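Trainee: Please pick one contact between domains and go through it closely. I would like to know how the bounds, the contributing elements and the residue classes fit together.

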Amino acid sequence: MAIIKLSESKLNELRDVCKSFNNDKGELINVLHKAQGIFGYLPAEVQEVIAKELSISVAHVYGVVTFYSFFTMLPKGEHPVSICLGTACYVRGAEKVIDEFKRILNIGVGETTPDGKFSLACLRCVGACGLAPVVLVGEKVYGRVAPDGVKDIVAEYAK
Amino acid sequence: METIKLTIDNKVVEVAKGTTVLKAAKEAGIHIPTLCYLHLHDLNIENKPAGCRICVVEIEGRRNLAPSCVTECLEGMVVSTHNIRVLNARKTVLELILSDHPTDCLICAKNGNCELQTMAQEFGIRKIHYEGEQSTYREDTSPAIIRDIDKCIMCRRCEMMCNEVQTVGVLSAVNRGFMSVVAPAFERNLDHSECTYCGQCVAVCPTGALTEVDHTNNIIRALADPTKTVIVQTAPAVRAALGEEFGMEPGNLVTGKMAAALRRLGFNYVFDTDFAADLTIMEEGTELLDRLGRYLGGDTTVPLPMLTSCCPGWVSFFEHQFPEMRDIPSTARSPQQMFGAIAKTYFADKIGVKREDLVVVSIMPCLAKKYECQRDEFSTNGNPDVDFSISTRELAHLIKQSNIDFDSLPDEDFDNPLGESTGAAVIFGTTGGVIEAACRTAYEVHTGKKLEKIDFMELRGMEYIREATIDFNGLPIKIGIAHGLGNARKLLQDIKDGKSEFHAIEIMACPGGCIGGGGQPLHHGDSSIIKARQKAIYREDAGKTIRKSHENPFIVKLYEEFLGKPLSEKSHHLLHTHYFDKSKDVTVE
């Protein structure tokens, strides 16, 4: 893993978050939630700061981070790709779309390409079931995505 | 006391309100099997995550079977602990656990000493009806402890010990479902964590998931090497527990048989760590008097209270967790390391053997000692002062492998000069013992008077934190004692906050002290065993003719011939050490 340097201002923001929860260990999940909002992911250093602030062991923080699938220790790519796996998208073939993204980007779900450009994630229903299957790249929504359309989407961002 | 009446297996039972079904059954003489549950009664340690579901019982009127370890008794409850539904469920649970467990019991380090194996045997399991994927995880070998997570049944006892009792906080359940394991943060190996190697996780692990690094083969090889002189030292707590491995009642003292067994194993000299414990008292006691003298003389920079430093788990603990306070503990090395240093200088010279040709083996009730003897500062030109440290359990294996009938051995003595010891050294093996030994010597040295009463009863016991004031001829010395690292943390925090009024504090990492060490015969949840060992230790002390370290004639001779006096330059070089800030060892990659 590369050496991760987190900015001091963001770390201070994190400490403020802990303080806003009175450094209460019972608020760990809320703190982690906010922390992921700040950093986009939860690298080891962030977990160590949280452990220290809430007076709990790092192992415990890591245990919670690895229990909930929402939390991630991997930085998201420059262009985070999310594929909807809600019922409508699922029955309209979202699984095949995921497989195509996996094949083209050569990463699994929850991973980031080595160049840091793309990351792959699944989500549940974005409320655009009429457009199923739906793919999000960053904030942009792609509807009725077929497996053979995946390469064009990737190409748009690959430059 | 409010009581409750209930029926368990057609038997009317009356218990205190709040009692669990498991305990109520036990009081009624009904033994409900348990696996994840652990209750060390005398140490006030309890683990009941209700995770394994082996202890389920049927309660009339309830749809589901209930885990008895966490189910409180209610008035009029009707419990069945062994009807067919319960037995079937229990067997199913056990088979499911076994379906994700290796079945290579024959070559497992815990073979014959495994609670899961015993249960499978008691339940008469002959076939596992569930086939499926088995979870696999990398093996993690550290200087002292091996984690073989494939054998873990997620009972969480180790986690409870590491977090609640020791507050070391290394182990936690991580990941989810089938992938969940107990691991250090970021699933690093133990040697990249804040692990102190206290071994309390190993002491409570019901299976072979956590075991010690086994050095018995290294010792067999060393003993077979004609170019080596192999000597052995045995820690005080070993003699009070080794007998258990040979079926003796807990609390049996086997000092003489142990010395005889070691001689038959082929050690050239059978020595005693107790000798080095007496030496520790000379150095540590003098250091305490020196610090007190300077403090009372008006020097406010003197670090007080002085903390004992003979427990390597404790040393690692403060190096990791309280590094800013590392000038407070005594600089005296532990008895194991003092022994090694003297053996490879003074004794090696005496018998004309080169340091490289002298192999020093230690028998310890402890796993942290394996790590301690590998620390860089305890070696000269790459040759360690103590070559191998093995646990009480490993010694028992060694004896059994060597066809020695332990029971029928005669009582033999240790060899001289490093085998002579006093009662003060023996009590190092229990909580409160080191500080009592220090008081015996410090009192006489300080006051110049003979102690009227050698037994400091006020320092003895099993309470986690104890305090006493000892009158040093008009000078009141305030003593604190803590065992279990969680309790040590409390006293340390007080010192940090400037609230501590103690002059000296004894700390031992393991609950009970070394008698409850991570390398001792497994207690399998019966804490009365640890109490019995404590009694044995005090019995051994009471039976000694010399009971004060400074009266050990071989210690007196060692100072005359070699060291000069306590805290001399030579003593500093060989018998004292310094501590490191290890908090930075755990950082972001």
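Mentor: What follows is a look at where domain 1 and domain 2 of chain B meet. Residues are numbered from 1 along each chain as its sequence is written, and chains are lettered from A, ligands numbered from 1, in the order in which they are written. The model is predicted: local features need pLDDT of at least 70, side-chain atom pairs count only at pLDDT 80 or more, and totals for chains, interfaces and linings use all residues.

Chain B is assigned domain 1 (3-97), domain 2 (100-126 + 135-212) and domain 3 (217-575); such bounds come from an automatic or database domain assignment. Domain 2 of chain B is thus written as the two segments 100-126 and 135-212. Between domain 1 and domain 2 of chain B, the C-alpha centres are 25 Å apart. Their contact involves 13 residues of domain 1 of chain B and 17 residues of domain 2 of chain B, two residues being in contact if their C-beta atoms, placed from the backbone, lie within 7 Å.

On the domain 1 side, β4 (45-47) and α2 (84-99) of chain B are the elements that give two or more residues. Helices (H or I, at least four residues) and strands (E, at least two) are DSSP runs, numbered from the N terminus. Of these elements, α2(B) gives the most to that side, with four residues.

By class, the side of domain 1 of chain B that touches domain 2 has nine nonpolar, two polar and two charged residues. Ala, Val, Leu, Ile, Met, Phe, Trp, Tyr, Cys and Pro count as nonpolar, Asp, Glu, Lys and Arg as charged, and the others, Gly among them, as polar.
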